[in-house]
Amino acid sequence: MFWLILILLIILVYLVFAVTQFINVTFKNYPPLIRTGREAIREIIRAIPDVNALNRAGAVVYELGCGRAPFLRLMGPAYPKAKLIGVENLAILCLLNRLLFKLQGKRIKILRQDLLTLDLSSADLIYCYLNNTTMTRLSEKFKRECRPGTQIISRRFLLPDWMPVAVKEIKNKKVYFYIVN
Ligand SMILES: C[S@@+](CC[C@H](N)C(=O)[O-])C[C@H]1O[C@@H](n2cnc3c(N)ncnc32)[C@H](O)[C@@H]1O
């Protein structure tokens with residue numbers, strides 16, 4: 001009986017996840033959950049233009065649309081003074097992240113929020129792997145809210161009307177590096 005209930009619960013959670021994804025992607029044009037591989041993230045971290053900004057106490061790093069927060073998980077150990085914040089709108093992923101990070105002792109904070117409504121004025125570095133529509137929506141928001149010096153990294157999707165400080169081909173995808181001025 002226990003196993004039957006557990007299996008039904010897992011199926012239910014999966015169905016809720018799949019339906020929410022479908023609605024978000026089809027009707028809101030939000031990006032689906034596709035992860036950045038570990039090797040790609042390691043290369044992206046090595047290519048961060050201004051690492052000094054991340055070594056100061058209280059530096060704030062966001063992964064917008066964090067999924068399982070692979071960027072924050074891999075960069076955390078190298079920048080022990082930075083605050084690591086993942087933003088995700090899928091409740092089930094937020095719960096899973098919070099549970100696993102607590103068990104693993106990781107200092108990543110997870111916000112369950114629409115990234116388009118988040119105040120980004122405290123950000124020192126923002127990592128995105130989203131889609132064209134969301135980057136277009138974020139373009140004006142970044143200009144309005146981010147401080148000069150904030151670094152923005154976007155995998156695959158560029159920020160319209162912005163001039164990157166660097167563009168690198170990493171694991172067959174372009175990665176755009178920007179610094180707010
Ligand atoms: C392409 S995945 C990237 C996941 C992770 N950052 C990575 O690089 O592996 C995009 C993620 O953004 C989330 N997402 C999409 N639109 C969002 C929104 N408006 N607010 C918060 N999260 C969003 C999706 O649920 C998904 O988990």
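Two strands pair if DSSP finds at least two bridges between them. The exercises below use a predicted model.

**Exercise 1. Strands S1, S2 and S3**

Trace how S2 is joined to S1 and to S3, and say how each crossover is handed.

Solution.
- Step 1. Start with S1 and S2. They run parallel, joined by 5 bridges.
- Step 2. Pick one pair of residues. Leu 64 stands opposite Val 87 in S2.
- Step 3. Add the helix. S1, H4 and S2 form a β-α-β unit, and this unit is right-handed.
- Step 4. Turn to the other partner. S2 (residues 83-88) pairs with S3 (residues 108-112), again over 5 bridges and in the parallel sense.
- Step 5. Follow the chain from S2 to S3. The path goes through helix H5 (residues 91-104), and the β-α-β crossover is right-handed.
- Step 6. Find residues that face each other here. Ile 85 stands opposite Lys 109 in S3. Glu 88 has Arg 112 in S3 as its bridge partner.

**Exercise 2. The setting of S2**

Explain why S2 is largely enclosed by the rest of the structure.

Solution.
- Step 1. Recall the cut-off. A residue is buried if 20 or more other C-beta atoms lie within 10 Å of its own.
- Step 2. Apply the count to the strand. S2 has 6 residues, and 5 of them are buried, so the strand is largely enclosed.

**Exercise 3. The largest nonpolar core**

Find which residues of the largest nonpolar core touch the most other members, and which strand gives the most to this core.

Solution.
- Step 1. The core has 35 residues. Val 61, Tyr 62, Leu 72, Ile 126 and Cys 128 touch the most other members.
- Step 2. Strand S4 (residues 125-128) gives the most, with 4 residues.
- Step 3. Look at Tyr 62. Beyond its neighbours within four places in sequence, Tyr 62 is in contact with Ile 85, Val 87, Ala 123 and Ile 126.

**Exercise 4. Two positive phi angles**

Ala 69 and Lys 171 both have positive phi. Place each in the chain, and decide whether it is buried or partly exposed.

Solution.
- Step 1. Phi of Ala 69 is near 60°, and this residue is not a glycine. Ala 69 sits in the loop between strand S1 (60-64) and helix H4 (70-75).
- Step 2. Ala 69 has 25 other C-beta atoms within 10 Å, so it is buried.
- Step 3. Lys 171 is not a glycine either, and its phi is about 50°. Its place is the loop between strand S6 (166-170) and strand S7 (173-179).
- Step 4. Lys 171 has 14 other C-beta atoms within 10 Å, so it is partly exposed.

**Exercise 5. Two more loop residues**

Say how exposed Pro 164 and Thr 117 are, and how far each lies from a given partner.

Solution.
- Step 1. Pro 164 is in the loop between strand S5 (151-155) and S6. With 18 other C-beta atoms within 10 Å, Pro 164 is partly exposed.
- Step 2. Pro 164 and Ile 179 are 15 residues apart in sequence. Their C-alpha atoms are 7.4 Å apart.
- Step 3. Leaving aside neighbours within four places in sequence, Pro 164 is in contact with Tyr 176, Phe 177 and Tyr 178.
- Step 4. Thr 117 is in the loop between S3 and S4. Thr 117 has 9 C-beta neighbours inside 10 Å, so it counts as exposed.
- Step 5. From Thr 117 to Cys 94 is 23 residues in sequence and 17 Å in space, C-alpha to C-alpha.

**Exercise 6. Around the ligand**

Name the residues that come nearest to the ligand, and sort the shell by class.

Solution.
- Step 1. There are 20 residues around the ligand. Tyr 30, Arg 35, Thr 36, Gly 65 and Gly 67 come nearest.
- Step 2. The shell has 12 nonpolar, 4 polar and 4 charged residues.

How values were computed
Residues are numbered from 1 along each chain as its sequence is written. This is a predicted model: local features need pLDDT of at least 70, side-chain atom pairs count only at pLDDT 80 or more; totals for chains, interfaces and linings use all residues. Helices (H or I, at least four residues) and strands (E, at least two) are DSSP runs, numbered from the N terminus. A crossover is right-handed if, with the strands pointing away from the viewer, the path from the first strand over the helix to the second runs clockwise. A residue is near a molecule or strand if its C-beta atom, placed from the backbone, lies within 6 Å of it. Ala, Val, Leu, Ile, Met, Phe, Trp, Tyr, Cys and Pro count as nonpolar, Asp, Glu, Lys and Arg as charged, and the others, Gly among them, as polar. A nonpolar core is a set of buried Ala, Val, Leu, Ile, Met, Phe, Trp, Tyr and Cys residues joined through C-beta atoms within 7 Å. A residue is buried if 20 or more other C-beta atoms lie within 10 Å of its own, exposed if 12 or fewer, and partly exposed in between; C-beta atoms are placed from the backbone. Two residues are in contact if their C-beta atoms, placed from the backbone, lie within 7 Å.
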